[in-house]
Amino acid sequence: MNTPAIKELLYKMADDLLIIGHRHSEWTGLGPILEEDISFSSMAQDKIGQSQALFQLLHQLGEPDADTNAFTRNANQFCNAQFVELPNEEYDFSTVRHFLYDHADQLRFEMLAHSSFEPLAKLARKVKGELKYHVFHANTWMVKLSQGTEESKARMQTALNNAWNYALGMFEESKFEKELIAAKIFEGEAALKTKWIHAITPFIEKAGLKLPPEKEWNPVNGGRKNFHTEYLEPLVKEMGEVFRVEPASQW
Amino acid sequence: MLTEKEVWEKLEVVKDPEIPTLSMVDMGIITKVEIMDDQSVAIEMTPTFVGCPAIKMMEQMVYDCLKEAGIEKVSVSTNLDIPWNSNKITERGLLCLKKHGLAPPPKHEGEITQELLEHVACPFCGSKNTETKSPFGPTLCRSLHYCHHCLQAFEQFKPVV
């Protein structure tokens, strides 16, 4: 078993889920309508629960426990894609990011349901069913908001353009890519990205939006190698604030 | 001599903390009862959703129930060895959900489509002239719907694969 490769894979997934979960939770109490407030809050709960399960797998591989790992690292120790740490901005960007992220996440877990690393495969078989609801929600609102008014459509297109290169950064390859593929632990980022483009295209078209032209695709990488935007540090500080006040307290 | 059947029966009084008409046994989240010896039993559970915040509380409820029933040594653990899906809810469980005012999840064939979530039968009047308002409700396992026939908002216990 290639433990360093598995750990790296688990860390990037756990960090993506934790950080986007935290961003989703920022809509709690602020959602544009009650149902949407509840939706983002529920998705936040799912994401953070799923990240906790991944951190528990890491703990079984000798890493610190989930809370310590989530709440005591500094921003430059996280390996989430920069895409998930960007601020929520308005509902257009939040919805577009949720759409692009969740399609990738669901496909990743579907691939991992066949992973040769059985503890991850077991978790993935469960999580992929839960993520269906995130994807349904994203598809519905992606189309609905794009077909609202001229203004809403223009805003969704702008949000998609702004999100796109960051979204491509989700597929930044690992230095263990070949080993992971050879050991049948994970089919690899390139395969995932191909499936993802295929999955999102019909909904982009249904929404009447356009993907940026391929010659402008320029992935914002670095997140997987601990390089982050200025937005991650304040998020991490806020997220761990209570835990760090009294790490030994029981909840 | 303590039997597995006795333990399952004892567990029937442990209800879902969110749905007081539904037992955890009928919910399908107790996955294994193992009699270690006459005074010792090991229970395994599985969550409905990985992020379900109630699972620790439910473990405790199962533990308390069996201790109160006089079993000396009880261990309760949670794992994903036999993952939960909504088809695991028993027939009695589905009726309990309805009694609580929740539309029970339709049986699925291992695949959930967005269509399956539309036109859920209203638990109050039975009409299928209903609309899905949101796939997310007050807990992770419920969705929000509206019945155009009896003009009632209602919730469904979501189908999950």
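## Secondary structure and overall form of chain A

In this predicted model, chain A holds ten helices and zero strands (DSSP runs numbered from the N terminus, with H or I over at least four residues for a helix and E over at least two for a strand). Its radius of gyration, taken over C-alpha atoms, is 18 Å, close to the 18 Å that the globule rule (2.2 Å times the number of residues to the power 0.38) gives for 251 residues, so chain A is as compact as a globular protein of that length. Along its principal axes, the C-alpha trace of chain A spans about 55 × 45 × 30 Å.

## Burial and helix 1 of chain A

Of the 251 residues of chain A, 44% count as buried, a class that requires 20 or more other C-beta atoms, placed from the backbone, within 10 Å of the residue's own. Helix 1 of chain A, residues 3-25, reaches 32 Å from its first C-alpha to its last, close to the 33 Å expected for its 23 residues (1.5 Å times one less than the number of residues). Because 18 of these 23 residues are buried, helix 1 of chain A is largely enclosed by the rest of the structure.

## Chain B and its contact with chain A

An automatic or database domain assignment divides chain B into domain 1 (4-78) and domain 2 (101-157), whose C-alpha centres lie 28 Å apart.

The contact between the chains, counted where C-beta atoms placed from the backbone lie within 7 Å, takes 18 residues from chain B and 21 residues from chain A.

## Conventions

Residues are numbered from 1 along each chain as its sequence is written, while chains are lettered from A and ligands numbered from 1 in the order in which they are written. Local features need pLDDT of at least 70 and side-chain atom pairs count only at pLDDT 80 or more, whereas totals for chains, interfaces and linings use all residues.

Technical notes: Contact = placed C-beta atoms within 7 Å. Buried ≥ 20, exposed ≤ 12 C-beta atoms within 10 Å, placed from the backbone.
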